[in-house]
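Colleague: I'm new to this one, and I'd love a friendly tour. Could you show it to me first, and then take my questions one at a time?

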Amino acid sequence: KAGFVNIIGNPNVGKSTLMNAFIGEKLSIITSKAQTTRHRILGIVNGEDFQVILSDTPGIIKPAYELQESMMDFVKTAFDDADVLIYMVEIGEKDLKDEAFFNKITNSKIPVLLLLNKIDKSNQEQMEEQSELWQNKVPNAEFFPISATEGFNVQNVFNRIIELL
Ligand code: GDP
Ligand code: MG
């Protein structure tokens, strides 16, 4: 089994931290090489019977300059080429401002894992409220509350990725 996973979400939600958590456990290659192909390959996790290639994206931003527009083009290829999409939000986040982008996620034909990160920062009530909010917003996704820094649910997410490849 081999496949490509793209991690998308706003800046600072914890995308790189999660990628490091995946890679740290399996010890593999990290490259910060600039994008040479359509994907920015940032990590490869090799197991006995699988290989997972991970990439994250520049943060989702509304294009205000031409440079940012070309970055957004790159982000959009995530929807066409990945085997699994990870859409990450963080505790306290209420909305994604780019509606067109959000529609792409909710209409994705590729399986989407919706991760609510930084739950270590929240109490039970806030976590439940935010979990419900995001599950309703992205009903096509499989939902996981996680803490990338504490490692909570990280292995379960990884196992699910392997199943989906
Ligand atoms: P990215 O921009 O989406 O790649 O986000 P980063 O991985 O760089 O993380 C942004 C900040 O959030 C860093 O200071 C991380 O240490 C912090 N962070 C990431 N995951 C967690 C988490 O699960 N809990 C808490 N409390 N902080 C986190
Ligand atoms: Mg990052």
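Modeller: Gladly, and please keep in mind that this is a predicted model. Let's begin with Thr 149, whose place is in the loop between β7 and α5.

Colleague: Is Thr 149 buried, partly exposed or exposed?
Modeller: We can settle that by counting neighbours. Thr 149 has 16 other C-beta atoms within 10 Å. A residue is buried at 20 or more and exposed at 12 or fewer. Because 16 falls in between, Thr 149 is partly exposed.

Colleague: Which residues does Thr 149 touch, once those up to four places away in sequence are set aside?
Modeller: The loop between β7 and α5 is where to look, since Thr 149 sits there. Not counting residues up to four places away in sequence, the residues it touches are Thr 17 and Asp 120.

Colleague: How far apart are the C-alpha atoms of Thr 149 and Lys 118?
Modeller: Along the chain, these two are 31 residues apart. Lys 118 belongs to another loop, the one between β6 and α4. In space, the C-alpha atoms of Thr 149 and Lys 118 are separated by 7.7 Å.

Colleague: Is Lys 118 buried or exposed?
Modeller: Its backbone deserves a glance first: Lys 118 has a positive phi of about 70 degrees although it is not a glycine. For burial, the count is 23 other C-beta atoms within 10 Å. The cut-off is 20 or more, so Lys 118 is buried.

Colleague: Which other residue that is not a glycine has a positive phi near 70 degrees?
Modeller: Go back to the loop between β7 and α5, where this residue has its place. It has 18 C-beta neighbours inside 10 Å, so it counts as partly exposed. The residue is Asn 153.

Colleague: Which residues are closest to ligand 1?
Modeller: The ligand is surrounded by 15 residues. By class, they are three nonpolar, eight polar and four charged residues. The closest are Gly 14, Lys 15, Ser 16, Thr 17 and Lys 118.

Colleague: Which element gives the largest share of the shell around ligand 1?
Modeller: One of the closest residues, Lys 15, is a good clue, as Lys 15 is found in helix α1. Three residues of the shell come from this element, which spans residues 15–26. The largest share is from helix α1.

Colleague: Which residues does Lys 15 touch, not counting those up to four places away in sequence?
Modeller: Lys 15 has 25 C-beta neighbours inside 10 Å, so it counts as buried. Its C-alpha atom is separated by 9.4 Å from that of Ser 55, 40 residues apart along the chain. With residues up to four places away set aside, Lys 15 touches Ile 7, Gly 9, Asp 56 and Met 88.

Colleague: What is the bridge partner of Ile 7 in β4?
Modeller: Start with the strands: β1 and β4 pair in the parallel sense over six bridges. β1 covers residues 2–8 and β4 covers 51–56. The partner of Ile 7 in β4 is Asp 56.

Colleague: And what is the bridge partner of Val 5 in β5?
Modeller: Here the pairing is between β1 and β5, which run parallel and are joined by four bridges. In β5, the partner of Val 5 is Val 84.

Colleague: Which element gives the most to the largest nonpolar core?
Modeller: That core has 33 residues, and Ile 86 and Tyr 87 touch the most other members. The elements supplying at least two residues each include β1, α1, β4 and α5. With six residues, the one that gives the most is β5.

Colleague: In which strand of the protein chain is confidence lowest?
Modeller: Overall, the mean pLDDT of the protein chain is 81, and 75% of its residues reach 70 or more. Residues 32–39 stay under 50, and residues 60–64 are below 50 too. Where pLDDT is low, the predicted coordinates should not be read in detail. Confidence is highest in strand β7, at 98, and lowest, at a mean of 48, in strand β2.

Colleague: Last one: how many helices and strands does the protein chain have?
Modeller: Read from the N terminus on, the elements run β-α-β-β-β-α-β-α-β-α-β-α. Counted up, that makes five helices and seven strands.

Terms used
Residues are numbered from 1 along each chain as its sequence is written. Chains are lettered from A and ligands numbered from 1 in the order in which they are written. This is a predicted model: local features need pLDDT of at least 70, side-chain atom pairs count only at pLDDT 80 or more; totals for chains, interfaces and linings use all residues. A residue is near a molecule or strand if its C-beta atom, placed from the backbone, lies within 6 Å of it. Ala, Val, Leu, Ile, Met, Phe, Trp, Tyr, Cys and Pro count as nonpolar, Asp, Glu, Lys and Arg as charged, and the others, Gly among them, as polar. A nonpolar core is a set of buried Ala, Val, Leu, Ile, Met, Phe, Trp, Tyr and Cys residues joined through C-beta atoms within 7 Å. pLDDT is the predictor's confidence in each residue, from 0 to 100. Two residues are in contact if their C-beta atoms, placed from the backbone, lie within 7 Å. Two strands pair if DSSP finds at least two bridges between them.
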